[in-house]
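Dear colleague,

I am passing on the structure we spoke about, with the sequence alongside. Please look it over first; my notes on what was found follow below.

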Amino acid sequence: MPTIPFILGPTASGKTAAALALAQIRDIEIISVDSALIYKGMDIGTAKPNATELAQVPHHLIDIIEPTQAYSAAQFANDANRLIAEILERGKLPVLVGGTMLYVKALLEPLTNLPIANPVIRASIEARAATHGWAALHAELGKIDPITAARLNPNDTQRINRALEIYEISGKPMSAWHAEDNSVHELPFTPQLYALNPEPRALLHERINARFLKMLDDGFLDEMAVLRARGDLHIDLPSMRCVGYRQAWEHLDGLTDKATFIEKGQAATRQLAKRQLTWLRSMSGVTTIDSSVPISPSVFG
C-alpha cells in the first residue's frame, strides 16, 4: 500500500510552509484538512493559502462550499479517499495538510452509524438554549453523557446540540454509540502522521498573536463586512463560528471595542491551538517535529 504523509499541527505552526517545501523535492498534490478553508469568500480570517502558494502546487478541498452550507466529517472522508485515489493514479503523492483533527479521525477510523438528525428535536434543543444558554445545556449533557461532555468545549454549540439530539432520539448517549462500534476499518494506504509543534509553547502563542494582527492589516474586518452585507449569513452558522469570525461579527455589531475584539480573537485562536495539540497527543504513531526552526522537507520521508 502507498504511504501517505499527513502534515498536521495547531494553527500557526507552519504547516503550509512545510508542505510547500516538500513540493520542492516531491511531485505532490495537497489535500486540505481544514474545516475553515472549505468556505468561499472566507480568505483572510482563515489564513487561506494565497494565490502564489496555490499556484505552486495543486490544492484540494479549498473553496468548495458557500458559508451558508454545511460540510461534515463524513463528507470529508469520502472526498479525501476519492482524491487520494485520483492523485495516486496521476502518479503523484497526495499530502494531507491541516489541523481539523475530527477530519483526520473520520478518514482513519470508522464512523459510528449514529441516528439520523431530527429537525423537530434539534429545534427544541435550540429553543432551550435560547432560554437557558448553551452552558446550561452543556451541563445537562454532562449528566447524561459525561464522556462526550468532557471532550466538548462549552461553546461548541453544534456538537452539544447533536449529542443531546442523539440521546433524545435513541435514549442512548453518543459515547455508548461509539463504544459499540467495533467494525474493522482497513485503509487502502498507510498513513504517516507528522505533527508540527513549535517549542517553547510561548513561541506558538507569539505566532498566533502576530498572525491575527497581520490579518487585520490585510483587511479581515473588511472581509467580514462584505460577508455580513450578503444578508444570508448569521452568527450561529458553522462558518461564522470559525475562530476570529464570531469575534469579528460581535465587534461589527458594536458589542466590543477594537482592543477587546483583538484580545478575544487571539485568545480564541490560542484555545483552538491548545485543543489541536491535546488531540494530537492522544493519537498514536505521530512523529512530532519542532517547527520553531526551518524544517527540511527530507524529514517527511
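Against which helices do the buried residues of H5 pack? Before the answer, please bear in mind that this is a predicted model, and that the values below are computed from it. The buried residues of H5 pack against two helices, namely H6 (134–144) and H8 (157–170).

Helix H5 itself covers residues 119–132, and its 14 residues, at 1.5 Å a residue, should span 20 Å, which agrees with the 20 Å that separates its end C-alpha atoms. Within this helix Ile121, Ile125 and Ala129 are buried, and because the buried residues fall within an arc of 85 degrees when seen down the axis of H5, they line one face of the helix. On the other side of H5, Pro119, Val120, Ala130 and Thr131 are exposed. The ends of the helix can be described too: asparagine 118 caps the N-terminal end, with a side-chain oxygen 3.0 Å from the backbone nitrogen of valine 120, while glycine 133, which follows H5, has a positive phi, near 95 degrees.

Turning to the nonpolar cores, the largest has 63 residues, of which Phe6, Ile7, Phe76, Leu96, Leu107 and Met240 touch the most other members. Helix H3 (residues 73–89) supplies the largest share of this core, with 7 residues. There is also a second, separate core of 13 residues, and among its members are Ala149, Ala163, Met174 and Trp177.

Two of the contacts of threonine 148 are with members of that second core, Ala163 and Met174. Threonine 148 is found in helix H7 (residues 146–151) and is buried, with a relative accessible area of 1%. Its side chain is joined to that of aspartate 145 by a polar contact of 2.6 Å, and, not counting residues up to four places away in sequence, threonine 148 also touches Leu141 and Ser175.

Lastly, glycine 9 lies in the loop between strand E1 (3–8) and helix H1 (15–22), where glycine 9 is buried, with a relative accessible area of 0%. Leaving aside neighbours within four places in sequence, glycine 9 is in contact with Lys15, Gly98, Gly99, Met101, Leu196, Gln276 and Leu280. The C-alpha atom of glycine 9 is separated by 19 Å from that of asparagine 153, a residue 144 places away along the chain.

With best wishes

Methods
Residues are numbered from 1 along each chain as its sequence is written. This is a predicted model: local features need pLDDT of at least 70, side-chain atom pairs count only at pLDDT 80 or more; totals for chains, interfaces and linings use all residues. Side-chain values use heavy atoms; hydrogens and water are left out. Helices (H or I, at least four residues) and strands (E, at least two) are DSSP runs, numbered from the N terminus. The expected span of a helix is 1.5 Å times one less than its number of residues. Buried means under 20% relative accessible area, exposed over 50%, partly exposed in between (1.4 Å probe, protein chains only). The arc is that of the directions from the helix axis to the C-beta atoms. Contact means heavy atoms within 4.5 Å. A polar contact is a pair of N or O atoms within 3.5 Å; within protein, one must be able to donate a hydrogen and the other to accept it, and residues adjacent in sequence count only if both atoms are side-chain atoms. A nonpolar core is a set of buried Ala, Val, Leu, Ile, Met, Phe, Trp, Tyr and Cys residues joined through side-chain atoms within 4.5 Å.
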